[in-house]
Amino acid sequence: MTPGDHGRAIVVDGLMSVELGRSQSAIYDREIGLRLLYEDPVSGAEHYLIRYPAGLRTRLHRHTAAHTIVVLDGRLEVNGHIIGPGAYCHFPGGEPMRHAPAEGGSCLFVIIFNGPVDVTPIDD
């Protein structure tokens, strides 16, 4: 990310080349790439850049907060549907879901949570 004077706006140019940290969650079978882009101190909303590695397996799960995904690179399988770059999907809070990289490739996307992030695995 390149710092600059953008007033109160947060500008991240070149999302495809942003360095990601490593993160592990109970819903993934291995680490993913993750970078916090924004966190609202009042509402708890959180925005992340995420890279799923090829072959990642995920568990059925839900989040309390509604959230939106925008795919930037690769293909993402979302509840049995394959979406690619430029695709958008939205999940209401509490909705059961499964999303993972499709077709053995990796996938880069932005995920925007409307509130604080939590995750509850659903036994399947």
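Here, a residue counts as exposed when its relative accessible area is over 50%, as buried when that area is under 20%, and as partly exposed in between. By that yardstick Glu19, at 66% relative accessibility, is exposed. Keep in mind that this is a predicted model. Below is a quick tour of its nonpolar cores, its cysteines and a few residues worth finding on screen.

**The nonpolar cores**

- The largest nonpolar core is made of 21 residues.
- If you want to find the residues with the most contacts inside this core, look for Ile50, Tyr52, Ile69, Leu76, Ile83, Phe109 and Ile111.
- Strands S3 (46-52), S5 (67-74), S6 (76-78), S8 (88-91) and S10 (107-113) are the elements that each give two or more residues to this core.
- The top contributor is S10, which gives four residues.
- There's also a second core, separate from the largest one, with five residues, among them Val18, Leu37, Leu108 and Val110.
- Leaving aside residues up to four places away in sequence, Ile111 touches Glu46, His47, Tyr48 and Ile50, and also His67, Thr68 and Ile69.

**The cysteines**

- Searching the whole structure turns up zero disulfides.
- A disulfide, by the way, is a covalent bond between the sulfur atoms of two cysteines.
- To count as a disulfide, two cysteine sulfur atoms must be within 2.5 Å.
- For Cys89, the closest cysteine sulfur is the one in Cys107, and at 9.7 Å that's too far for a bond.
- Go the other way and you get a matching answer: the closest cysteine sulfur to that of Cys107 is in Cys89, 9.7 Å off and too far for a bond.
- Cys89 is buried, because its relative accessibility is 12%.
- Cys107 is buried too, because its relative accessibility is 0%.

**Glu19, ahead of the strands**

- You'll find Glu19 in the segment before strand S1 (21-23).
- Glu19 and Gly33 sit 14 residues apart along the chain, and their C-alpha atoms are separated by 8.6 Å.

**Two loop residues with positive phi**

- Asn79 isn't a glycine, yet its phi is positive, at about 45°.
- Its spot is the loop between S6 and strand S7 (81-83).
- With 38% relative accessibility, Asn79 counts as partly exposed.
- Glu103 isn't a glycine either, and its phi is positive at about 55°.
- Look for Glu103 in the loop between strand S9 (99-101) and S10.
- Glu103 counts as exposed, because its relative accessibility is 64%.

Definitions and conventions
Residues numbered from 1 in each chain as written. Predicted model: local features only at pLDDT ≥ 70, side-chain atom pairs only at ≥ 80, totals over all residues. Heavy atoms only, no water. Core = buried A, V, L, I, M, F, W, Y, C linked by side-chain atoms within 4.5 Å. Buried < 20%, exposed > 50% of the residue type's maximum accessible area, 1.4 Å probe, protein only. Contact = heavy atoms within 4.5 Å.
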